[in-house]
Amino acid sequence: MDVLQLFVSGLANGCVYGLVALGFVLIYKATEAVNFAQGDFMMLGAFICLGLTNAEFLGLPFWVSVPIAVVVMGAFGYAIDMTIIRRMFGQSQIAVVILTIALGFVLRFLAGVIWGHEPVALQSPIAGRDVSFGGLVLGLDEVFVVVTTVVLTVALYFYFNRTRLGVAMQAASQNQLAAYYMGIPVRRVNSLVWALAGAVAAVAGILFASKGSIDPSIGLLGIKAFAAAVIGGFGSLPGALVGGIIVGLIEPFASYYIAAGYSQVMPYLLLFLILVFRPHGIVAQVHRKKV
Amino acid sequence: MSLLEIDTVTLRFGGVVAVNQVSFAVEAGEVFALVGPNGAGKSTLFNLISRFYDPAEGDIRFAGDSILKRQPHEIAGLGIARTFQNIELFEQATVLQNLLVGRHRHRRGNLVNEMLFTPFVKAEERRHRAAVEKVIDFLDLQAYREKYIAGLPYGVRKVVEMGRALAIEPKLLLLDEPASGLSVEETQDVAFWIEDIRNQMGITVLMVEHDMHLVSSVSDRVLALADGKTLALGTPQEVQNHPAVIEAYIGSSENDEKVVA
Amino acid sequence: MRTVFKTSYDADINLFRHSAQAGWYGLLFVVAAALPFLLDTFWLGEFTNVLIWAIAGMGLMVLVGQTGQASLGHAAFLAVGCYANVLLQERLGLPFILSFPLAGLVAGLAGVLVAIPTTRLHGIYLAIATLAVSILTDDLIVIAEPLTNGVVGLFAPTIEIFGVEFDRYATPARFYWLVFAVAVLIVLVYRNILRSPLGRSFAAVRDSEVSAQAMGVHVARTKAVAFGISTAITGLAGALMGHFAGIFNNETFNIIISIQLLLMIVIGGLGSIHGAFFGAMVVALLPQAIAISRDLVGEVLGVGSVAIPGLETALFGAILILFILFEPMGIYGRWIKIRTYFQLFPFYRRDMFRRQKSYLKTERMR
């Protein structure tokens, strides 16, 4: 296999990890909660799009079901925060972690009941086609993934820096109490952050589904995205994307150069080493408790 | 030889000099107070003695030996106990358990016999308990023995923290604002306790306190700090009337009112 | 409510607070020991499973409930204990009576080894690091195929102690008593830890590291010790699990088991031995409860038995969500409230347990 093709397929995988990690970081920065169900959000987004698109279910045109899936997942994120996460206010971070893990279990089950446990492929117009750039042949799906991620990242960047709501979210993430005193409706902003994370997860899920078949357990991919978020530094949005791409690239290259059994260990080994030696990721910031 | 010697200690946080060339010595058997406005470096000095920070320059000696080569957890073993400005108790444990943690430096059991709870460990527990009961009697904490810290009022927590430090059976007790947030009556109790701690238990006290009334009533000597630098050292009266101290508090030397608050 | 008049310090040091309490636990002990005479083979097996999970839960509880360090990777130590136990028997020919404690020791050392680099990590970061350890262990078992037989797995031999056989199927009662004896021993050790300086140093590290340090507690070492004790107990549970399952491979101890173990002790109630047992009952008996209710529903509706894959974990997750939202202290916390209600009847007030807080706590690191 060509090194360049390895690179592109790793990059495409990494973009998906990065987008899921982006969801983690969005929520973590804004609300101090860690959403272990982010991978399952992604899975759910992918299945909603599949359910709308595939002929055996609703059979809508792909480009109609994508925005619907994104909006539905956004609403879902908002609802989860409003009904469950908001009640956890004041409880420890780990309690939220455990709660969202449990939530992931429930979501995986629901997806299994609705769409079955067998792997299914999303009938998207992108799958299985090639594009060539001056002699270089690449999968259309992979190019699509990378381009969408770039567009989405740029959009998020402008959203956070140029729009009122984006700036409010940033303010709330810096200091919730101060933001509250400045008249920012922190609770609603938090719910909107969950909505945003849900929508991003839906995009990640659709991208993942357009590269291959999906089943309800793909939510476990969230663990890899988690590694990505930590590698990139847990509080940094660009870090999440970089971390995702690092993890995405390690996988194909490790399996190309090292024996297969060892290669899948690599992302977690890297995660462990980063935690031990640079616990706050590539962008290190250490805060000591004041006494 | 002084019990505690702070020898030209300097500490910087980035570009900020938190403690600047501070020197003083606490003699065995005295009550020594550190005063000064917020941010003067008083609590930072405590944290230096606790070895939470490494000084950039200077030396800290306890009973003649430098403590800079010690780890933070070894400080209690030397006989230095402390309280914290913002109470740091073990919230999900009872008052009794909190005080018993203070006995940790006197622990003689090991992993194996404690897991088996041998008669030796049981005898040790009785011994620790007897020591802790003395502290409970001294501070009138009988009513709170079995209570969890998480449910206690602020004033009681302050006393429990002092008790936990006393359970260490220290030679030197560092009290970080023992009276802050307490009522007039509670502050009066603290004053009596500090005197008894020194007179009856023979423990040297170094304290940070804003309440100048308490400081002048219990302390033998006072060191005034501002912006990490030494302003004045002497008896409470001398320090209160020192022009530099008045300036630091009032902001201008024209006003010759005494510093009371 | 019973008022205990204490006449010596021993009243606070002894295992039981008063004779009535000792009586109740004595009764529980007798009933538990007599279970093989009261239950059929199937249900005895289920209760053996409960006890094994309870041992594993106590192991994790030492770390999470007592020391405040969250681990999402304890299945790794179940695996270490299980493989060590069987390999020591098969490869070195050691008898169970030696291989079993050695397996605990190996798992404990593995825990200390993991703890040394990770004790600096707080809360969520520690959880992620242990998660990585769990996944790495899963993969390592596959990689170390010559030793572990990879994905094919290993058979656990029948336990033989001084010529007496303990087998889950051939002699279920004896196997139950063996597990029961281990569980009782672990409970005693756990209680001893709680009432000795060791347990207090764990609590000190859990509640305030700075303050623990100022009291002379070596924080990093205390965490490592807690890790070691925790993983040793978990390793013993893993060894028993291997014998209980008969055959096991890397999948037996995957990341889901790690997560399940943590969720289990949260449901049971963090910070108490009772919590480990209550949680174990939920985990081990839930599949049976589902099966029974499924048959019931099938009979009533006349549609036959309907199987829904994944219902177990989902129900487990849903139970957990409800507990975290409405009873963060778990089943044990609820049990205490109910008990207090009856003891004080009719003077119980809803706010009596208002100040309760969750055991786990983390400091945010930005």
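Reader: How many residues of chain B and of chain C are in contact, and what makes two residues count as such a pair?

Author: In this predicted model, 34 residues of chain B are in contact with 28 residues of chain C. A pair counts because its C-beta atoms, placed from the backbone, lie within 7 Å.

Reader: Which elements of chain B give two or more residues to the side that touches chain C?

Author: They are α2 (75-78), α3 (95-102), α4 (111-116) and α5 (119-139) of chain B, and the largest share, five residues, comes from α5(B).

Reader: What makes ten residues on that side of chain B charged?

Author: Asp, Glu, Lys and Arg count as charged, and the side of chain B that touches chain C has ten charged residues, beside 15 nonpolar and nine polar ones.

Reader: Which elements of chain A give two or more residues to the side that touches chain C, and how many residues are in contact there?

Author: Between these chains, 42 residues of chain A are in contact with 46 residues of chain C. The elements of chain A are α4 (93-115), α9 (222-231), α11 (260-263) and α12 (266-277), of which α4(A) gives the most, with 15 residues. By class, that side of chain A holds 27 nonpolar, eleven polar and four charged residues.

Reader: How do you know where the predictor's confidence in chain B is under 50?

Author: The pLDDT is the predictor's confidence in each residue, from 0 to 100, and this value stays under 50 over residues 253-261 of chain B, for which the model nevertheless has 14 contacts beyond four places in sequence. For chain B the mean pLDDT is 91, and 96% of its residues reach 70 or more.

Key
Residues are numbered from 1 along each chain as its sequence is written. Chains are lettered from A and ligands numbered from 1 in the order in which they are written. This is a predicted model: local features need pLDDT of at least 70, side-chain atom pairs count only at pLDDT 80 or more; totals for chains, interfaces and linings use all residues. Helices (H or I, at least four residues) and strands (E, at least two) are DSSP runs, numbered from the N terminus.
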